[in-house]
Amino acid sequence: VFMFEWLAKSHVATAANINSKTKIIYALNATNIRYYLKCRDINRYSTTKRGRIEKIGIKPKYVTEIFVDRENADMAKTIVRAL
């Protein structure tokens, strides 16, 4: 059931640092738009390569993806563009 819940969500923004994520979350809270966060590693490597990659100094980089319900997607995207 959880997998199908994401089909009803719309991607609004991707935040690479804590400051931009915080600004977006505060703006969505101020307008009472319910949001969902998903964190992922954009330097995702297989487990065999990960050890070699970390030895040469490449660290994992995480981004936060922000989703909202489809009925609030247009208003949320407008708010994010205004930031």
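This report walks through one helix, the nonpolar core and two strand residues of a predicted model.

## Helix H2 and its two faces

Let's start with helix H2, which covers residues 18-30. How far apart are its end C-alpha atoms, and does that agree or disagree with the expected span? At 1.5 Å a residue, its 13 residues should span 18 Å, and the end C-alpha atoms are indeed 18 Å apart, so the two agree.

Four residues of H2 are listed as buried: Ile24, Ile25, Ala27 and Leu28. They sit on the same side of the helix, because they cover an arc of only 160 degrees around the axis. A general point helps here: an α-helix has 3.6 residues a turn, so residues three or four places apart point the same way. On the face turned away from the buried side you will find the exposed residues Ile18, Asn19, Lys23, Tyr26 and Ala30.

What does the buried side of H2 pack against? Its partners are strand S1 (9-15), strand S2 (35-41), strand S3 and helix H4 (73-82). Just after H2 comes a backbone detail to look for: asparagine 32 has a positive phi of about 60 degrees.

## The nonpolar core

The largest nonpolar core is made of 12 residues. Its members are Val12, Ala13, Ile24, Ala27, Leu28, Ile33, Ile66, Val68, Ala73, Ala76, Ile79 and Val80. At least two of them come from each of S1, H2, S3 and H4. Which element gives the most to this core? That is H4, with four residues. As a general background, nonpolar side chains in soluble globular proteins tend to be buried together.

Alanine 73 is one of the core residues. Leaving aside residues up to four places away in sequence, alanine 73 touches Ser10 and Val68.

## Two residues of strand S3

Strand S3 runs over residues 62-69 and includes aspartate 69. Is aspartate 69 buried or exposed? Its relative accessibility is 15%, and buried means under 20%, so aspartate 69 counts as buried. Beyond residues up to four places away in sequence, its contacts are Ala8, Lys9, Arg34 and Tyr36.

Threonine 64 also has its place in S3. With 12% relative accessibility, threonine 64 counts as buried too. Its contacts, with residues up to four places away in sequence not counted, are Ala13, Thr14, Ala15, Lys21, Leu37, Lys38 and Cys39.

Terms used: Residues numbered from 1 in each chain as written. Predicted model: local features only at pLDDT ≥ 70, side-chain atom pairs only at ≥ 80, totals over all residues. Heavy atoms only, no water. Helix = DSSP H or I, 4+ residues; strand = E, 2+ residues; numbered from the N terminus. Buried < 20%, exposed > 50% of the residue type's maximum accessible area, 1.4 Å probe, protein only. Contact = heavy atoms within 4.5 Å. Expected span 1.5 Å × (residues − 1). Arc of directions from axis to C-beta. Core = buried A, V, L, I, M, F, W, Y, C linked by side-chain atoms within 4.5 Å.
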